[in-house]
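Reader: I am new to this structure. Could we go through it together, beginning with the ligand?

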Amino acid sequence: MTDLPRIPLAGVIGHPIAHSRSPALHGFWLKRYGIKGHYIPMDVAPQDLRQALEILPKLGFVGINVTIPHKEAILQIADVITDRAALIGAANTLIFRKDGRIHADNTDGAGFMANLRQNAPHWNPTAGPAAVFGAGGAARAVIAALIEVGVPEIRIANRTRPRAEAMRVDFGAKLTVYDWVQAPNMLEGAATVINTTSLGMSGKSDFRVPLDALEKTALVTDLVYNPLKTHLLIEAESKGCTVVDGLGMLLHQAAPGFERWFGHRPEVDEATRCAVLSA
Ligand code: NAP
């Protein structure tokens, strides 16, 4: 019997996983480009993570996305970790190499930046300080990306201040930590404003930081994409700011993984957005 080439498998592991939009996204791209492959959501409990990563490559998986709660723990298991994943302290994209080694990368920061470049082409990150609300996992990826593109100053406030202080230790003197109650002051003269908290997400409290100091020249973006137009974006838009929603970040962070696993760089466009929104 002749050996047929294996159909590449990829997927996403998390716990829970039912809410993930990644299967709809990758499924759309596979169909669009006529690629024989599959992308599968897998609910993997933390205690089963190591075993799952031993088995998946043997089953024909060429790589996977990793989401909550495994993004940090995966670094203890991966064999090769990119510098940016190490700096961020989390990975979201794995490649199962032919030599058996697991390669871990973090594409959230690149996805964040690509979303802004695509949807606010005139935005100049070096024009002034960035104000970052939140200091969770997503904030670490955003801050690494902001530093990489040369943002001159990063102001950060988090409800739990020590988490923001820890970011300053990890990312250096470009960061200034503000108390959460003083967070509105970060907006003064800020060229870029980013909500990386889960405030504003459907089912959570709204983002209600007063925006009096927000300048109309600022670019305002929210990592929350459900709803697409958050309270923050609606208010910022009414002040004349350029606003960018968080869905594009989700789409762009997925593109490098798709390319590595399935051999085709996917386009992120309106049809892609619609496919994910209607899923
Ligand atoms: P995380 O590590 O759990 O961090 C959550 C952040 O939200 C922390 O800064 C937390 O502050 C803050 N927060 C939660 N509830 C709050 C409240 N009631 N008041 C003030 N701050 C509050 O989560 P994450 O992975 O960074 O994700 C954060 C958000 O970004 C989520 O909505 C997620 O869906 C979104 N996200 C979007 C993308 C995308 O592609 N668009 C990618 C990644 C994440 P404390 O430290 O005080 O708890």
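Reader: Which residues come nearest to the ligand?

Author: In this predicted model, there are 21 residues around the ligand, and those that come nearest are Ala138, Asn158, Arg159, Thr160 and Arg163.

Reader: What lies 2.8 Å from a backbone N or O atom of Ala138?

Author: An oxygen atom of the ligand lies at that distance from the backbone atom of Ala138. Arg159 also has a contact with the ligand: an N or O atom in the Arg159 side chain is 2.8 Å from a ligand oxygen atom.

Reader: Which residue has a backbone N or O atom 2.9 Å from a nitrogen atom of the ligand?

Author: That residue is Leu223. As for coverage, the ligand on its own has 920 Å² of accessible area, and the protein covers 77% of that area.

Reader: And where does the ligand sit?

Author: The ligand is located in the largest pocket.

Reader: Which helices each supply at least two residues of the shell around it?

Author: Helix H5, residues 137–148, and helix H8, residues 247–262, each do so.

Reader: What is the make-up of that shell by class?

Author: The shell around the ligand consists of 10 nonpolar residues, 9 polar residues and 2 charged residues.

Reader: Changing topic: how many salt bridges are there?

Author: The count comes to 13 salt bridges. One salt bridge is formed by Asp269 and Arg32, whose closest N and O atoms are 2.8 Å apart.

Reader: Where in the chain are those two partners?

Author: Asp269 is in the loop between H8 and helix H9 (270–277), while Arg32 belongs to helix H1 (residues 22–32). The two residues are 237 residues apart, so the pair links distant parts of the chain.

Reader: One more topic, the backbone. What kind of peptide bond joins His15 and Pro16?

Author: His15 and Pro16 are joined by a cis peptide bond, with omega about 5°. Pro16 is found in the loop between strand S1 (9–14) and H1.

Reader: And what about Ile68 and Pro69?

Author: A cis peptide bond joins Ile68 and Pro69 as well, with omega about 10°. Pro69 is in the loop that runs between strand S3 (61–66) and strand S4 (80–81).

Key. Residues numbered from 1 in each chain as written. Predicted model: local features only at pLDDT ≥ 70, side-chain atom pairs only at ≥ 80, totals over all residues. Heavy atoms only, no water. Near = heavy atom within 4 Å. Polar contact = N/O pair within 3.5 Å; in protein donor to acceptor, adjacent residues only side chain to side chain. Areas by Shrake-Rupley, 256 points an atom, 1.4 Å probe, with all protein chains shown as cover. 1 Å grid on protein atoms, 1.4 Å probe; cavity = no way out; pocket = protein on both sides within 12 Å on 5 of 7 lines; lining within 4 Å. Sits in = over half its atoms within 2 Å of the grid points. Helix = DSSP H or I, 4+ residues; strand = E, 2+ residues; numbered from the N terminus. Nonpolar A, V, L, I, M, F, W, Y, C, P; charged D, E, K, R; others polar. Salt bridge = Lys/Arg side-chain N within 4 Å of Asp/Glu carboxyl O.
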